[in-house]
Amino acid sequence: MFRKIKGQQQVIDLLTSAIHNERISQAYLFHGSDGVGKFITALYFGMALNCLSSNEYRPCGVCASCHKFLSFEHPDFIYLFPTINLKLIRRGEIKDKELSPSIRHISKTR
Ligand SMILES: [Zn+2]
């Protein structure tokens, strides 16, 4: 699946080399402009590390572990994303009343 990522061959080579040599760092930071493939590269890297396939081309994308990654249900995959900084009042309600409708909309779409 790493082969599907275009324009990041140096990064892909580095990550696949780490996997093949079993020299995985404690943390990786995927940084760069929007749209260069940071998220999908990080996702595939996590999938590859947990892939159950014995195939040399990991992640396979079809094993149970890969399926859980792709559906964001893998227990070892925690997806953190930025959110707006909410100002809450003591009872846990949103202080800015204008934010409340947009937050409600976001929570309904999930
Ligand atoms: Zn797999």
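## Helix H1 and its two sides

On helix H1, the exposed residues Gln10 and Leu14 sit on the face that is turned away from the buried side. The model described here is a predicted one, and in it the buried residues of H1 are Ile12, Leu15, Ala18 and Ile19. Viewed down the axis of H1, these buried residues fall within an arc of 130°, so they line one face of the helix. The partner of that buried face is helix H2 (38–50), against which the buried residues of H1 pack.

The length of H1 can be checked in the same careful way. Helix H1 covers residues 9–20, and its 12 residues, taken at 1.5 Å a residue, should span 16 Å; because the end C-alpha atoms are 16 Å apart, the expected and the computed spans agree. After H1 comes Glu22, a residue with a positive phi, near 50°.

## The zinc site

The zinc ion is coordinated through the SG atoms of four cysteines, namely Cys51, Cys60, Cys63 and Cys66, at 2.3 Å. Among the four donor atoms the angles run from 101 to 118°, and the site of the zinc ion is tetrahedral; the reasoning rests on a cut-off, because four donors count as tetrahedral if all angles lie between 85 and 135 degrees. Along the chain, the donors of the zinc ion follow the spacing C-x8-C-x2-C-x2-C.

Two of these cysteines, Cys60 and Cys66, can be set side by side with respect to exposure. Cys66 has a relative accessibility of 0% and therefore counts as buried, whereas Cys60, at 23% relative accessibility, counts as partly exposed. The relevant limit is that buried means under 20% relative accessible area, with exposed set at over 50% and partly exposed in between.

## The chain as a whole

In terms of secondary structure, the chain has four helices and zero strands, and reading along the sequence gives the pattern α-α-α-α. Helices H1 and H2, whose packing was described above, belong to this pattern.

The chain has 110 residues, of which 23% count as buried. Its accessible surface comes to about 8,800 Å², and carbon and sulfur atoms hold 52% of that surface. As for how the contacts are distributed along the sequence, among those in the chain with a separation of 6 or more, 37% are accounted for by residues 24 or more positions apart.

Notes. Residues numbered from 1 in each chain as written. Predicted model: local features only at pLDDT ≥ 70, side-chain atom pairs only at ≥ 80, totals over all residues. Heavy atoms only, no water. Donors = N, O, S within 2.8 Å, 3.2 Å for Na, K, Ca; no water. Tetrahedral: all angles 85-135°; square planar, octahedral: opposite > 155°, others 65-115°. Buried < 20%, exposed > 50% of the residue type's maximum accessible area, 1.4 Å probe, protein only. Contact = heavy atoms within 4.5 Å. Areas by Shrake-Rupley, 256 points an atom, 1.4 Å probe, with all protein chains shown as cover. Expected span 1.5 Å × (residues − 1). Arc of directions from axis to C-beta.
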